[in-house]
Every structure is written in C-alpha cells, then in structure tokens.
Amino acid sequence: MTEAVAGEGFLLGCISCKRREEVPGSAIVDWHYKAAGTEEFIHIFQYDYNPTILDENFEGRLEWQGTMGTKDVQTGSVFIHNVTYNDTGTYLCTFHRTLYFPLDEEHVVISKEVELTVVEKANPELTAVISEIMMYVLIVVLQLWMIGVLIYCYRKIYAENEAREARKAARSQSKLVKLKDPCDGINLE
C-alpha cells in the first residue's frame, strides 16, 4: 500500500512492538519526509505523548492514528488528509524507545521507510482482480451445478411418478381380471 490517490486520505503505517511485554517502556515517534528528487529529510511530525505537526506543508493534514493513552507506543501510524502530488516521496518513521530494566535503561532506535507515490486514480491490486475473477467463476460453476442437481431431481421424481402410475395401472388391471361374474362365465376385461 504505497500508492495514494490525489485528493483522498492515506494511512502511513508504522509498527514497532516490544519483544517482552512485561518490560516497561516509553517511546517517542518521529516522522520525516524526503521529497522525490531531494536528499534531505524534513522533520514533519512528532508524537511525544502529544501529537505535534512540525512542518507547515502538513499543517492540518496529518492526524495521529497510533497508540493512545500510554507512553509505551507500539503503533506510530499517521493519516494524511487531502493527499497532493507534492506528498510523493519517502517517509521515515522512527521509534525512540526507552526500556526500563530494574538496574538500567536501554535506548533503542527503530526506523522504517515508506515510499509513497501519489496517483490520479487508484490502480486495482492484482489480488483484488484475481479475487473478483474467481468470485464470478465460482458463481457460474455453482449455478451450473445447481441446475444439474435440479435436472437430476426432476428426472428422479418423474421416474418415480411413472413407476407409481404403472403400478397403479397394473393393480387396477389385476383387480379387473379377478372380478368376473361366476353366473354367466364371461370375464370382464
């Protein structure tokens, strides 16, 4: 998910989980942006238990979507509202985590880069296209199978009705044969 549609929103995801939950910790999340064709990153956002937008180009457009209500941040995602073509570039998410051990503190820095390309219209993903094709193929196959089952059941019911009618006719005929008038010696057929 590195393509954003111009004029819409886009979630820049960034997750950094601790290996051991029982170790208390705290984290500060920084987001940096490097425009396409430039070499330097610009500090655009910081979450230090309070979201702060640091670049005027992103003012009012960045929204914190990460972990809230704790100093031990695990998810550092931000949402960009009203994406523009100028947002194309590389985003760098950095977790500055401090782990509080009984005898010492350990500082860990974890970084993740996200390449963002802004397009005019969303391109369908290959898995979505394949899923849609498979859905239609499955619908057609299931309908054909259902028609086959209906034909099979109809033929079976029709054959049972024919057999029942034949048995009724045979019983009726055998009853008629048994009914003969003993007085005149003529058998009814």
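**Exercise 1.** Which residue in β4 is the bridge partner of Asp30? Follow the pairing onward from β4 to β5.

*Solution.* The model used here is predicted.

Step 1. Look across from Asp30 to β4: the bridge partner there is Gln46.

Step 2. Place this pair in its strands. β3 and β4 pair in the antiparallel sense, over five bridges. They form a hairpin with six residues between them, and Gly37 in the turn has a positive phi of about 90°.

Step 3. Go on from Gln46 to β5, where its bridge partner is Thr52. Phe45 likewise has a bridge partner in β5, namely Ile53.

Step 4. Describe this second pairing. Strand β4, residues 42–47, is joined to β5 by three bridges, and the two run antiparallel. This is again a hairpin, with three residues between the strands; Tyr49 in the turn has a positive phi of about 70°.

**Exercise 2.** State the strand order of the open sheet, and explain why β1 and β5 each have one side without a neighbour in the sheet.

*Solution.*

Step 1. Write down the order of the six strands: β1-β9-β8-β3-β4-β5. The pairing is mixed.

Step 2. Find the edges. β1 (3–5) and β5 (51–53) stand there, each with a single partner strand, so one side of each is left without a neighbour in the sheet.

Step 3. Add the twist, which averages 25° from one strand to the next.

**Exercise 3.** Is Thr94 buried or exposed, and what does its side chain meet?

*Solution.*

Step 1. Locate the residue: Thr94 lies in strand β8.

Step 2. Apply the cut-off. Thr94 has a relative accessible area of 7%, and buried means under 20%. Thr94 is therefore buried.

Step 3. Check for a polar contact. One of 3.4 Å joins the side chains of Thr94 and Ser111.

Step 4. List further contacts. Leaving out residues up to four places away in sequence, Thr94 touches residues including Ile28, Val29, Asp30 and His32. Val109 and Ile110 are also among them.

**Exercise 4.** Which residues of the largest nonpolar core touch the most other members, and which strand gives the most to this core?

*Solution.*

Step 1. The core has 24 residues; Leu12, Val29, Trp31, Ile44, Phe45 and Tyr91 touch the most other members.

Step 2. Strands that each supply at least two residues include β2 (10–12), β6 (62–64) and β7 (78–80). β3 gives the most, with four residues.

Step 3. Take Tyr91 as a case. Not counting neighbours within four places in sequence, its contacts include Leu12, Trp31, Ile44, Phe58 and Ile80.

Technical notes:
Residues numbered from 1 in each chain as written. Predicted model: local features only at pLDDT ≥ 70, side-chain atom pairs only at ≥ 80, totals over all residues. Heavy atoms only, no water. Pairing = 2+ DSSP bridges. Axes fitted to C-alpha atoms, helices over the stretch in contact; angles between N-to-C directions. Core = buried A, V, L, I, M, F, W, Y, C linked by side-chain atoms within 4.5 Å. Buried < 20%, exposed > 50% of the residue type's maximum accessible area, 1.4 Å probe, protein only. Contact = heavy atoms within 4.5 Å. Polar contact = N/O pair within 3.5 Å; in protein donor to acceptor, adjacent residues only side chain to side chain.
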